[in-house]
Amino acid sequence: MPAYVIAHLQDAAPHRDIAEYVERLPATFAPYGGRFLVHATPHEVKEGRWPGAVVMLGFPGTAEARAWWDSPAYQEIAPLRSRHIEGDIILVEGVPDNYSPTGLVQAIRASLPDA
């Protein structure tokens, strides 16, 4: 199952450390099959508030995404980002190509009190 690392980054200002982080980042995730899916591209807010930028990396699976995050190569450069950019980062497992929400709908309906 594919996995994604999604970062919602805020208050990013130009800094030498950020430039170095971005330069070095691809070499840290490439060995784990990671790639950029979104990289601080413009976004359009449809509901709520979403300040800042979105970065999304795709991996073949959660094992590869976790291995990348925990890798010495990534952990070495992570402070270059975290010292200068606030944000939230999550790892989420994707769904298969043939995914159907039917099972979830059935579980929701089964949990509802009888009308």
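In this predicted model, the largest nonpolar core is built from 18 residues, and those with the most contacts inside it are Leu25, Leu57, Phe59, Trp68 and Tyr74. Five elements each give two or more residues to this core: β1 (residues 3-10), α1, β3 (53-59), α2 (62-70) and α3 (72-82). There's a general backdrop to this: in soluble globular proteins, nonpolar side chains tend to be buried together.

Leu57 is a handy place to start looking around. Leaving out residues up to four places away in sequence, Leu57 touches Ala3, Tyr4 and Val5, then Phe29, then Arg35, Phe36 and Leu37, and finally Trp68. Trp68 turns up again as one of the core residues with the most contacts. With a relative accessible area of just 1%, Trp68 is buried, because anything under 20% falls in that class.

Now for the aromatic rings. A pair of aromatic rings is described by the distance of the centres and the angle of the planes. Searching the whole structure turns up six aromatic pairs. One of them joins Phe29 and Phe36: the ring centres sit 5.2 Å apart and the planes stand at 90°, so this pair is edge-to-face. What about exposure in these two residues? Phe29 is buried, at 4% relative accessibility, whereas Phe36 is partly exposed, at 28%. Trp68 and Trp69 make an edge-to-face pair too, with 5.8 Å from centre to centre and 75° between the planes. Here Trp68 is the buried partner, at 1%, while Trp69 is partly exposed, with a relative accessible area of 30%. Both tryptophans also belong to one aromatic cluster, together with Tyr21, Phe59 and Tyr74.

Next come the two helices α2 and α3, whose axes come within 5 Å and cross at roughly 65°. On the α2 side, the contact is made by Trp68, Trp69 and Asp70; on the α3 side, by Pro72, Tyr74, Gln75 and Arg81. Sorted by class, that gives four nonpolar residues, one polar residue and two charged ones. Trp68, Trp69 and Tyr74, all listed in this helix contact, are also members of the aromatic cluster.

Over in helix α1, which spans residues 16-29, sits Thr28. Is Thr28 buried or exposed? Its relative accessibility comes out at 5%, so Thr28 counts as buried. What lies 2.7 Å from a polar atom of the Thr28 side chain? That spot belongs to the backbone oxygen of Leu25, and Leu25 is itself among the core residues with the most contacts. Setting aside neighbours within four places in sequence, Thr28 is in contact with Trp68, Ala73, Tyr74 and Ile77.

Finally, a look at the loops. Which residue in the loop between β1 and α1 deserves a mention? Asp11 is found there, and its phi is near 55°, a positive value in a residue other than glycine. At 64% relative accessibility, Asp11 counts as exposed, since the cut-off for that class is over 50%. Ala40 tells a similar backbone story, with phi near 55°, again positive and again in a residue other than glycine. This alanine lies in the loop between β2 (35-39) and β3. With a relative accessible area of 46%, Ala40 is partly exposed.

Definitions and conventions: Residues are numbered from 1 along each chain as its sequence is written. This is a predicted model: local features need pLDDT of at least 70, side-chain atom pairs count only at pLDDT 80 or more; totals for chains, interfaces and linings use all residues. Side-chain values use heavy atoms; hydrogens and water are left out. Helices (H or I, at least four residues) and strands (E, at least two) are DSSP runs, numbered from the N terminus. Buried means under 20% relative accessible area, exposed over 50%, partly exposed in between (1.4 Å probe, protein chains only). A polar contact is a pair of N or O atoms within 3.5 Å; within protein, one must be able to donate a hydrogen and the other to accept it, and residues adjacent in sequence count only if both atoms are side-chain atoms. Contact means heavy atoms within 4.5 Å. Rings of Phe, Tyr and Trp (its six-membered ring) pair if their centres lie within 6.5 Å; planes under 30 degrees apart count as stacked, over 60 as edge-to-face and the rest as tilted. A nonpolar core is a set of buried Ala, Val, Leu, Ile, Met, Phe, Trp, Tyr and Cys residues joined through side-chain atoms within 4.5 Å. Axes are lines fitted to C-alpha atoms, for helices over the stretch in contact, and angles run from 0 to 180 degrees between N-to-C directions. Ala, Val, Leu, Ile, Met, Phe, Trp, Tyr, Cys and Pro count as nonpolar, Asp, Glu, Lys and Arg as charged, and the others, Gly among them, as polar.
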